[in-house]
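Hi,

Here's the structure I promised to pass on to you. Have a look at it first, and then read on for my notes on the fold and the charged pairs.

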Amino acid sequence: MADLKLYAWSSTPIRLRGHTLLCLQGFRGEGYSPSFVANMAAIHQTLCDQPETTVQVVASPDAVCAACPHQQESSGCTLNGEPSEAAMIDQDRVVLERLGLKAGEQLAWQEILARISTSMSGDDLPSICGRCRWLPLGYCHEGIDQLRSSI
């Protein structure tokens, strides 16, 4: 867990997958394991408290994946079996394209929020998120729509 502090409190950019940018909008303290939730909560809190935090957007495992029990070093995401990482990469690419970003770019979290609020709505999620187990709960839909109304 010590490495997680690097992401939450360091001046190093936080690496976030394209689809994770949307997941953070719906985060409600739930997740795949206690360590995953603690890591996601630390990242979420850092971004909320310090919207000027630099984020490096990626289309590969990120700071959130680092604590996920479904993350395998050799094959990436195994949440839904072997093809999961390829599906996650596809989601990442769609999100980054919608936000006008390329993998590897670095920008402030507040700029990412502005792009989400002007480029997406909660209604876009079913076509992006596919089989995500969190989608039916509506958390991300609600979070994105709330972001759109607040910025």
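Starting from the N terminus, the elements of the chain go α-β-α-α-β-β-β-α-β-α-α-α. That makes seven helices and five strands. Before you get going, do keep in mind that this is a predicted model.

A few whole-chain numbers next. The chain has 151 residues, and 43% of them are buried. If you take the contacts with a separation of 6 or more, 73% are between residues 24 or more positions apart. For the accessible surface I get about 7,700 Å², with carbon and sulfur atoms holding 51% of that.

Now the charged pairs. As you know, side chains of opposite charge can pair when their charged atoms come close. How many salt bridges does a search of the whole structure find? It turns up four, and I'll walk you through some of them.

One of them joins Arg17 to Asp92, with 2.7 Å between the closest N and O atoms. This pair links distant parts of the chain: Arg17 sits in strand β1 (residues 14–17) and Asp92 in helix α4 (residues 84–98), 75 residues apart. Are the two partners buried or exposed? Both Arg17 and Asp92 are buried.

Another salt bridge is formed by Glu142 and Arg28, whose closest N and O atoms are 2.5 Å apart. Glu142 belongs to helix α7 (residues 139–150), while Arg28 is in the loop between α2 (18–26) and α3 (34–49), so this pair ties together parts that lie 114 residues apart in sequence. As for burial, Glu142 counts as partly exposed because its relative accessibility is 44%. Arg28 is partly exposed too, at a relative accessible area of 41%.

Then there's a salt bridge within a helix: Glu111 pairs with Arg115, and the closest N and O atoms are 2.9 Å apart. The two residues are four apart in helix α5 (residues 109–119), so about one helical turn separates Glu111 from Arg115. Glu111 has 34% relative accessibility and therefore counts as partly exposed. For Arg115 the relative accessible area is 23%, which means that Arg115 is partly exposed as well; the cut-off for buried is under 20%.

If you want somewhere to begin in the viewer, try Arg17 and Asp92, the buried pair, and then go to Glu111 and Arg115 in helix α5.

Cheers

Notes:
Residues are numbered from 1 along each chain as its sequence is written. This is a predicted model: local features need pLDDT of at least 70, side-chain atom pairs count only at pLDDT 80 or more; totals for chains, interfaces and linings use all residues. Side-chain values use heavy atoms; hydrogens and water are left out. Buried means under 20% relative accessible area, exposed over 50%, partly exposed in between (1.4 Å probe, protein chains only). Contact means heavy atoms within 4.5 Å. Accessible areas come from the Shrake-Rupley method with a 1.4 Å probe; for residues, only the protein chains shown count as cover. A salt bridge is a side-chain nitrogen of Lys or Arg within 4 Å of a carboxyl oxygen of Asp or Glu.
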